[in-house]
Amino acid sequence: MPQRERRDPLVIGRVIGDVLDTFTRSVPLTVVYNNNREVSNGCELEPSQVVNQPRVDIGGDDLRSFYTLVMVDPDAPNPGDPNLREYLHWMVTDIPGTTGATLGQEVVCYENPRPSLGIHRFVFVLFRQLGRQTVYAPGWRQNFNTRDFAELYNLGSPVAAVYFNCQTRKWLWWKENVIWLSFKICTIGVKL
């Protein structure tokens with residue numbers, strides 16, 4: 001494996017391998033949550049930060065080029081047994097180059113990440129379409145396969161991808177509930 005590939009965050013995070021084959025990035029892709037948190041490969045976002053769909057900006061130099069954006073979770077339902085791999089969280093087609101996802105057709109509505117166990121990777125993949133209205137929504141979200149989807153619609157290799165990690169902070173939930181339960185027991189104990 002060449003030195004450059006070994007340092008690629010998509011390789012380190014196993015996005016290349018689990019979701020995509022090696023590709024050459026050729027179009028800038030920017031994903032921003034809550035107008036202030038840009039997704040960079042391997043960054044961690046809390047479930048509360050990704051409730052609303054992000055702003056997605058696509059580079060390029062031609063409004064006549066159209067793109068498809070998919071967002072998948074390759075770790076569903078949990079990283080130890082990803083038997084729903086890949087879970088499709090969002091799909092937007094017909095996005096004109098140099099614009100954003102808001103100008104495309106949302107064919108699978110955004111479903112915010114809610115990982116129940118472990119650290120999940122959420123991957124945004126951008127493909128250049130052959131033309132407008134040439135890509136359609138799949139009939140399911142579970143066991144979506146980005147590679148097969150790209151092959152079905154002759155999308156070729158991705159032109160960009162970025163991912164973030166997300167996990168539910170179970171220990172915070174546990175800590176808050178133990179404190180609440182301790183308070184209730186003490187309150188009941190005082191009343192007796």
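Me: What makes strands 3-9-8-5-6-7 an open sheet with edges?
Reply: The model is predicted; local features need pLDDT of at least 70, side-chain atom pairs count only at pLDDT 80 or more, and totals for chains, interfaces and linings use all residues. Residues are numbered from 1 along each chain as its sequence is written, and side-chain values use heavy atoms, without hydrogens and water. Six strands lie in the order 3-9-8-5-6-7, with mixed pairing. Strands are DSSP runs of E, at least two residues, and helices are runs of H or I, at least four, numbered from the N terminus. Strand 3 (43–44) and strand 7 (105–108) each have a single partner strand, so one side of each lacks a neighbour in the sheet.

Me: How do you know that strand 6 pairs with strand 7?
Reply: Pairing requires at least two bridges found by DSSP. Strand 6 (residues 87–96) and strand 7 have three and run antiparallel. Valine 92 is bridged to glutamate 106 in strand 7.

Me: Why is asparagine 35 called exposed?
Reply: Exposed means over 50% relative accessible area, buried under 20%, partly exposed in between (1.4 Å probe, protein chains only). Asparagine 35 is at 65%, so it counts as exposed. Asparagine 35 sits in the loop between strand 1 and strand 2 (37–38). Its phi is positive, about 60°, although it is not a glycine.

Me: What makes asparagine 154 exposed?
Reply: Its relative accessible area is 52%, so asparagine 154 is exposed. Asparagine 154 lies in the loop between helix 4 (146–152) and strand 9. Here too phi is positive, about 50°, in a residue that is not a glycine.
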